[in-house]
Amino acid sequence: MALYQIEHVSFRYPEASVAMLADINLTVEEGEFVLLCGPSGSGKTTLLRQLKREIRPEGQRGGEIRYRGSLLDDLEKRCSIEEIGMVFQDPDNQIVMNTVWQELTFAMENLGYPTEQIQRRIGELVQFFDMEDWLQLEVHELSGGQKQLLNLASVMSLRPKVLLLDEPTAQLDPIAAKEFIQLLARINEELSMTIIISEHRVEELFPLASRIVMLKAGEVAYAGEPQETMREIWNGRDEFFMPYLPAVSRLFLGAGGMDAWSRPEQSIPLTVKAGRHWISEYTKALAESLARTPAEASALTDGVSGPPSKTSFAPLNHGQTLNEQVIQQTAQRVVQQAERKDGLQSEWQAEQQTERQAERPGASLLECRDLFFTYEKHAPLVLKGCSLHIRQGEFFTLFGGNGSGKSTLLYQIAGVRKPQRGNIFMEGKSLLRSSTAERSRWIGYVAQNPLLYFTRDTVRAQFKDRIERLELSLEQGGRRGQAFTVSRQERLYELVELFELKESLDQHPLDLSGGQQQKAALILVLLAEPRLLLLDEPTKGLDPTSKMKLAAQLEAIRERGTTILMVSHDIEFAAHYATRCGLLFDGKLVAADETRDFLRDNYFYTTIIHRTAGEFFPAAMTMKDIEMLWEK
Amino acid sequence: MGRADMVYGFSGLHPRLCLLYFIVLLAACMMFQHPVYLLASLLCIIVLLFSLDGGRALKKVIKGYLLIALIISISNPLFSSRGATILFYMMDRPVTLEAIAYGAIFALSLLNILLAFVAFNLVVTPDKLLYLLTPYAPRTAFVITVTLRFVPLLTRRLQQIMTIQKVMGYLQPGGSKKHLMREGMETMHTLVGWSLEEALQTAGSMRARGYGIGRRSSGTAYRMDRRDRLVLWIMTVTGLNIVIGALFGVNHYEVYPRLQGWQWSVQLAIHLLSYAVFLAIPLAMNGKEWLHWRFIKSNM
Amino acid sequence: MGKIKRLIYTGSLIAVILLLAAVFWFEEYYLPLSFLIIGLAIVPFFIRFERKKLRAEEILLVAMLGAIAAVSRVPFAPLPSVQPTSFVIIMAALAFGAETGFLVGSIAAVVSNIFLGQGPWTPWQMFCWGMIGFTAGLLKDTFWMKRMWGRNIFGFLWGFLFGWIMNLWFLIGFYDQLSWPVFASAYIASFYFDLAHALSNVFFLTLFSGVWMRILIRVKSKYGLLNPEDSPIKSPQSP
């Protein structure tokens, strides 16, 4: 018997004009690992919430959901609570109790388990989740990753049959997210628990999933096994869902999609390891075959011609030819080893050089000189002689692990805290000596959480308030600062257009979606026309579609003369869009270089494409690069 | 707040006994006006505070508390002219020895109560208090726990919001009081809207894990062991003796109209002894622990 | 009004009267008695809270508002005399009623004392803040609480009353003659603090009660707590 039978399920929120879910049909078998993908607002959360009675939102429901054969509504209360577990997105909001221990026992206490049973289960859980060290702590002392583990453990204490997870790692840093996902894999593997998860981290989750469900606008766009689904998306030329596939798989499909399709036994690689294996096998095989018939190869080369493509998915227009190109190229590389490689590289370097000159106006915008900082008198230093140089018009990305001082550095630049030693210059002028008003006009800061910015009832009122405050501060500041070419009202209009927020102007800021809130916060900051925009992990929790949009919007802002300094964990995003990158470690900037050079020299801190194909194409960082190589 | 430094000794007793001890101690501090009793209590509480955390908590509060005690002992004779022994006149009002003594006694009593609460906070930690409250008022205990969980969360959020206000140029150093109050309220608006909105998700997570479907049980259990029962027995015997003695007025002390002299009696001796034993319970337990560790250390 | 509700209201009223009476009757045991009576004044509200049928949302609402009231000092750290807690409690009571008002006030008192250290003042604070919420909630539908001046007078009076009741606990216990000069000098000593409290209530109520009402009414509808007899303050439309 299937665990869940979802038949013709539809759902509409009260007062909403469009249905959030429309005619969803799915069957989930016991022990499956189901991955729900799709852009924000496609109904993933709504669908997950339909699967557990206690958290179903108010609204108009249609269709039937059966859990182990019986209708969800007929399910016994206790059974529904115990057997269906749910972990939500935000680690903080789900925690109810004050200490880790209390939170772990919360669910069991609610159901009135006897004390001995509770203690026994806790004993087991703590072992499984490796929580001994922090079992006695209070909740506010935990990291985000620990909080989410705690949430999972508390749900697991009831020994559910199925786990529902709604973007559980969206708020976590990559390392904590990986740990969390590995734990899910163990739960699925060792306990054969059914898992239904909605998540954007496809790289880690595709290899685990037994089934992929792609949602779009409240409907199931694709549903099936990962291999099948990927082929289906690729063959259907579905550009919308292509970014939702793992990078390695896209590389494979882009290179040999048609070829692979003709040989169904060849499975699509999902991980770096599999991808690398595939590339080396391929190269070897082709080298052999080409060595036998070099004439054929050269004939093929001559046959290929086509304009270089700009979009990431260009190869699907001529997948076949591209595939042969890469075969031929790699083969050539094997045959004429050294020269070929050097040639490619020098070519790249030349191209880079021109690119650099084009992108670097040269003038220095911000300089941090030997910053030393600690939060408390006897606490260890967070910044230890950190120096950073940002040039006009750059898009600089700063990487660094947790506690490396990234956020602290941003705070220093934004003027929240002053360094104990060192200085920060903005176009040669010391920021430490300038007034708060001046500094807040030059530098904009967008925090991770957009909710920090909202004080008014509507988005429109919020913008109006911001403009009024800016005018006021300018009057007080005696209109030094920059002169504005357009009025703020016009600027607001432009920004609202750019960020597609026109429809939402009269809504309450808290009623917007997370993505829209982030845009509203960006607009609030940008209204001051800052010279330098500081972004703290702007891509956290965003779906691939929104990321691409955000990149375009940031580009538009940069064109207007705003320099961007971004702190991020999102290497793929930086590889595509940043001009320079730096790595902060132990309170110092240990590396800073043009994006491409930076990533090429890195071993861990580099893109999946580079890790997969780097050995064969040392200059390749993104799908785009690989395609350009193939074009040659 | 949070975990006390010492979880052995007296703090390791069953929470119910700790609470009982402090109730009796506080009642005694409030009701007994005999100077000997008050001094004995003060001495015991101070030693207890030192044995609990090396006197750190005591150091933090002692200055303020002494000041309050001083104010009371000085101001009482200024307002009250009761008593027969007139020492001198101040602003045409007689200042009596009795009024001064009364002021001193009550200042001592207040000091005892305040310090006993300091010790109380160290021994009966919030989680123990909530554990004790749960069987009688489960929902109240639950609400307090949840509120406790929210306080650090909201404090952190407030700090984040204020950071943003600062970066946006709204919070400037040296602003007027009115400006600061206005901006402070803006901070609150952001917090209130945001936090109440997100608490809805917390409600979802509570219901998803079965809150409200029936009577809650407890995953924490303190069990009365042999030592607990022994201490309880000592506390009951001495405590009852104290109550009975107090009812018969054995330790009654009269300030007015004239300071009472030292009247020794067998009853008073027994009573005082009981009180001393009662006061010594936590000291003996902590002292034993202390000796134990010293002994181990010297044997290593 | 339900039977239990009425019983509790009268019960707590009697408790308060007893408290005052005790001051005059039992000279010797003022202090323990006053604590007993304060306890009796608080307990009925909690008994009712325990008995009532409440959804998870309503419980969280009380906890969240209590926490908000408890941390509301944080943004005003540079201004030591500003006391926003009472304002938060008044607003909570105006939006959600007398009982919620009492609970929010007294829980805010307990919780802030857990962080600052419990003391003999804890029950008194629970009582005072609870009563601010309770009275604000009781009066929320009267015509003067719907006016700005009415709310301001209410806030101003409670600013002083709060200080006066808080003075009581040690005056009762630690002075041998409760004469007018004793009271007067204690109240003169605390006048500055009480005035600051009263004035900050007035300041906040004048400028922010409209905004807060809008925020809380929105929350009310989101939590599904909206009932027809609503909003004492006609919330002005946002600009």
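**Notes on chains A, B and C of a predicted model**

1. Let me start with the contact between chains B and C: 54 residues of chain B and 50 residues of chain C take part, where contact means C-beta atoms, placed from the backbone, within 7 Å. On the side of chain B that touches chain C, α1 (15–31), α3 (56–79), α4, α6 (138–167) and α7 each supply at least two residues. The most comes from α7(B), with 19 residues. Helices here are DSSP runs of H or I with at least four residues, strands are runs of E with at least two, and both are numbered from the N terminus. By residue type, this side of chain B divides into 37 nonpolar, 13 polar and four charged. Nonpolar covers Ala, Val, Leu, Ile, Met, Phe, Trp, Tyr, Cys and Pro; charged covers Asp, Glu, Lys and Arg; the others, Gly among them, are polar.

2. A word on conventions. This is a predicted model, in which local features need pLDDT of at least 70 and side-chain atom pairs count only at pLDDT 80 or more, while totals for chains, interfaces and linings use all residues. Residues are numbered from 1 along each chain as its sequence is written, and chains are lettered from A and ligands numbered from 1 in the order in which they are written.

3. Do look at one helix pair across that contact. The axes of α7 (residues 177–208) of chain B and α9 (residues 191–222) of chain C come within 10 Å and cross at roughly 10°; axes are lines fitted to C-alpha atoms, for helices over the stretch in contact, with angles from 0 to 180 degrees between N-to-C directions. The two helices are therefore roughly parallel, the word for angles under 35 degrees (over 145 is roughly antiparallel, 65 to 115 roughly perpendicular, the rest oblique). From α7(B), residues including Met181(B), His189(B), Gly193(B) and Leu200(B) meet residues of α9(C), among them Phe203(C), Phe208(C), Ile215(C) and Lys222(C). The residues of this helix contact divide into eleven nonpolar, two polar and one charged.

4. Chain B has nine helices and two strands, in the order α-α-α-β-β-α-α-α-α-α-α from the N terminus. Its C-alpha atoms fill a box of roughly 70 × 60 × 50 Å along the principal axes. The radius of gyration of chain B is 26 Å, against near 19 Å for a compact globule of 300 residues; the value is taken over C-alpha atoms, and the globule rule is 2.2 Å times the number of residues to the power 0.38. Of the 300 residues, 42% count as buried, meaning that 20 or more other C-beta atoms lie within 10 Å of the residue's own (exposed: 12 or fewer; partly exposed: in between; C-beta atoms placed from the backbone).

5. Chain C has nine helices and zero strands. Buried residues make up 49% of its 239 residues. Of the contacts in chain C with a separation of 6 or more, 71% join residues 24 or more positions apart.

6. The largest nonpolar core holds 320 residues, and Leu534(A) and Ala119(B) have the most contacts inside it. Such a core is a set of buried Ala, Val, Leu, Ile, Met, Phe, Trp, Tyr and Cys residues joined through C-beta atoms within 7 Å. Helix α4 (residues 97–123) of chain B gives the most to this core, with 21 residues. Leaving aside residues up to four places away in sequence, Leu534(A) touches residues including Leu410(A), Ile443(A), Tyr445(A) and Leu565(A).

7. Lastly, Ser70(A) sits in strand β5 (residues 70–71) of chain A. Ser70(A) counts as exposed because it has 11 C-beta neighbours inside 10 Å.

Technical notes:
Two residues are in contact if their C-beta atoms, placed from the backbone, lie within 7 Å.
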